[in-house]
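This briefing concerns the chain shown below. The points that follow are grouped by topic for reference at the bench.

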Amino acid sequence: SDHNGYIECHEFVRASIDPKLLITEENLIRVFRIFDQDLSGKLETKEIASIISKDMNLEYKDVEEMMKEVDINGDGELSYSEFKKILASIFYKN
C-alpha cells in the first residue's frame with residue numbers, strides 16, 4: 001500500500017482479513033475498552049502510548065503527533081465515535 005516494493009506485516013494482515021468479520025461493533029468496543037484504562041469513555045495520549053509505543057517502537061512524542069492527526073474535534077482525546085471512524089478508514093481503504 002505504501003508502494004515501497006515490499007509487503008510489510010500490516011499490509012499483509014490488512015489484505016488477508018475480511019474487515020466485515022473483524023471490524024464488528026462488539027470488537028470495536030472491546031478494543032476501545034482495552035485502550036481506555038481509566039474508564040473515562042475517552043482515549044488520552046498516555047493511554048494509547050502505554051499500549052502501542054512499546055510494540056511499535058514509538059516515542060511519546062510520536063504518539064502525540066498521531067493523536068493530533070486523528071483527533072477530529074481537537075479536544076486532545078479520542079471519543080468512541082472518533083476511534084471507530086479511524087479504524088473504519090484504515091480497514092475499509094480502497
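Read from the start of the sequence to its end, the chain follows the pattern α-α-α-β-α-α-β-α, with six helices and two strands in total. The model is predicted, and the mean pLDDT of the chain is 85.

**Confidence**

- Residues that reach a pLDDT of 70 or more make up 94% of the chain.
- Among the elements, strand S1 (residues 42–44) has the highest mean pLDDT, at 95, and helix H2 (residues 19–22) the lowest, at 70.
- Where pLDDT is low, predicted coordinates should not be read in detail.

**Overall dimensions and surface**

- The C-alpha trace spans about 40 × 30 × 25 Å along its principal axes.
- The chain has 94 residues, of which 24% count as buried.
- About 6900 Å² of the chain is exposed, and carbon and sulfur atoms supply 57% of that area.
- Among contacts with a separation of 6 or more, 42% are made by residues 24 or more positions apart.

**The largest nonpolar core**

- The largest nonpolar core comprises 14 residues, and those touching the most other members are Phe35, Leu43, Ile48, Ile52, Val63, Leu78 and Phe83.
- At least two residues of this core come from each of helix H3 (25–35), helix H4 (45–55), helix H5 (60–70) and helix H6 (80–91).
- In soluble globular proteins, nonpolar side chains tend to be buried together.
- Leu78, one of the core residues named above, is in contact with Phe32, Gly41, Lys42, Leu43, Ile48, Met67, Val70, Asp71 and Ile86, when its neighbours within four places in sequence are left aside.

**A nonpolar patch on the surface**

- Ile7, Phe12, Val13, Ile17 and Leu22 together form a nonpolar surface patch of about 460 Å².
- Val13, a member of this patch, belongs to helix H1 (residues 9–16).
- Val13 counts as partly exposed because its relative accessibility is 34%, a value that lies between the limits of 20% for buried and 50% for exposed.

**The segment before H1**

- Asp2 is located in the segment that precedes H1.
- The relative accessible area of Asp2 is 40%, and this residue is therefore partly exposed.
- Apart from its neighbours within four places in sequence, Asp2 is in contact with Glu8 and Glu11.

Definitions and conventions. Residues are numbered from 1 along each chain as its sequence is written. This is a predicted model: local features need pLDDT of at least 70, side-chain atom pairs count only at pLDDT 80 or more; totals for chains, interfaces and linings use all residues. Side-chain values use heavy atoms; hydrogens and water are left out. Patches are made of residues with over 30% relative accessible area and no salt bridge: like charges are joined within 9 Å, nonpolar side chains (Val, Leu, Ile, Met, Phe, Trp, Tyr) within 5 Å. Accessible areas come from the Shrake-Rupley method with a 1.4 Å probe; for residues, only the protein chains shown count as cover. A salt bridge is a side-chain nitrogen of Lys or Arg within 4 Å of a carboxyl oxygen of Asp or Glu. Helices (H or I, at least four residues) and strands (E, at least two) are DSSP runs, numbered from the N terminus. Buried means under 20% relative accessible area, exposed over 50%, partly exposed in between (1.4 Å probe, protein chains only). pLDDT is the predictor's confidence in each residue, from 0 to 100. A nonpolar core is a set of buried Ala, Val, Leu, Ile, Met, Phe, Trp, Tyr and Cys residues joined through side-chain atoms within 4.5 Å. Contact means heavy atoms within 4.5 Å.
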